[in-house]
Amino acid sequence: TFGFPNIFIGVVGFPLMIAAAVSLLAVGGRMPTWYYAGLQAGVTFALGFIIWLWYAAVYSIGVLCPYCMIVWAAVIPMFVVVTARNIIHGVIPASAGLRRIAADWWWVAIVVAYVLVFASEAQTPVLGVGVQDRLFHCFNGHRGVEVLCCTGAERVPGQAHGRIGVQQQAPDRCAVFDDDRG
């Protein structure tokens, strides 16, 4: 995407979020407005980036990456919670009604986002099989599957008995291959 594997953005971004959380805990949440504005900018970038990655996975590539789905599951609540906090405390200017909604209903936004993401993925293959067959094919040991998680990994031959291998065709494309060799 940017000349390096996408995973490096998470390798840097998630420790920064952990450092921000630890620093907020250390000072009891009393940080200047610019700190929260920077935090908002970071989680907004992260949300925009995962939306782009989600769109690419679901509509362009047609294969879901388990690592990517874990990142989506982490970034969505980070964005919602930071945004709700910033609305409630005036970092993001908002009316009293919107502040009340942010304070009382932030968790609903997380649930709705998860439902929308899951609904969009319902017909997209993960590890080369449909939703109804995912667990069966991946864990019952009847066939091996190879999948690329868009991390820049090299090919690891898949084998029978449910082992998962990885193959990279190009830095911006994912591929899934059945491996019935044994």
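A charge is taken to sit over a ring when NZ of Lys or CZ of Arg is within 6 Å of the ring centre and within 35 degrees of the ring normal. I start there because, in this predicted model, arginine 85 lies over the face of tyrosine 36, at a distance of 3.5 Å from the ring centre.

Let me stay with tyrosine 36 for a moment, since tyrosine 36 belongs with Trp34 and Tyr35 to one aromatic cluster. Tyrosine 35 and tyrosine 36 are both buried. Six aromatic pairs are found in the structure, and one of them is the stacked pair of phenylalanine 4 and phenylalanine 8, whose centres are 6.4 Å apart with 20° between the planes. Phenylalanine 4 has a relative accessibility of 34% and therefore counts as partly exposed, and phenylalanine 8, at 45%, likewise counts as partly exposed. For tyrosine 35 and tyrosine 36, on the other hand, the ring centres are 6.1 Å apart and the planes stand at 85°, so this pair is edge-to-face.

That brings me to the nonpolar core. The largest one comprises 26 residues, and Leu39, Ile50 and Trp72 are those with the most contacts inside it. Four helices, namely α1 (7–26), α2 (33–61), α3 (66–88) and α4 (96–121), each give two or more residues to this core, and the most come from α2, which gives ten.

Which residues, then, does isoleucine 50 touch, if we do not count those up to four places away in sequence? Isoleucine 50 touches Val71, Trp72, Val75 and Ile76, and of these Trp72 is, with Leu39 and Ile50, among the residues with the most contacts inside the core.

How values were computed:
Residues are numbered from 1 along each chain as its sequence is written. This is a predicted model: local features need pLDDT of at least 70, side-chain atom pairs count only at pLDDT 80 or more; totals for chains, interfaces and linings use all residues. Side-chain values use heavy atoms; hydrogens and water are left out. A nonpolar core is a set of buried Ala, Val, Leu, Ile, Met, Phe, Trp, Tyr and Cys residues joined through side-chain atoms within 4.5 Å. Buried means under 20% relative accessible area, exposed over 50%, partly exposed in between (1.4 Å probe, protein chains only). Contact means heavy atoms within 4.5 Å. Rings of Phe, Tyr and Trp (its six-membered ring) pair if their centres lie within 6.5 Å; planes under 30 degrees apart count as stacked, over 60 as edge-to-face and the rest as tilted.
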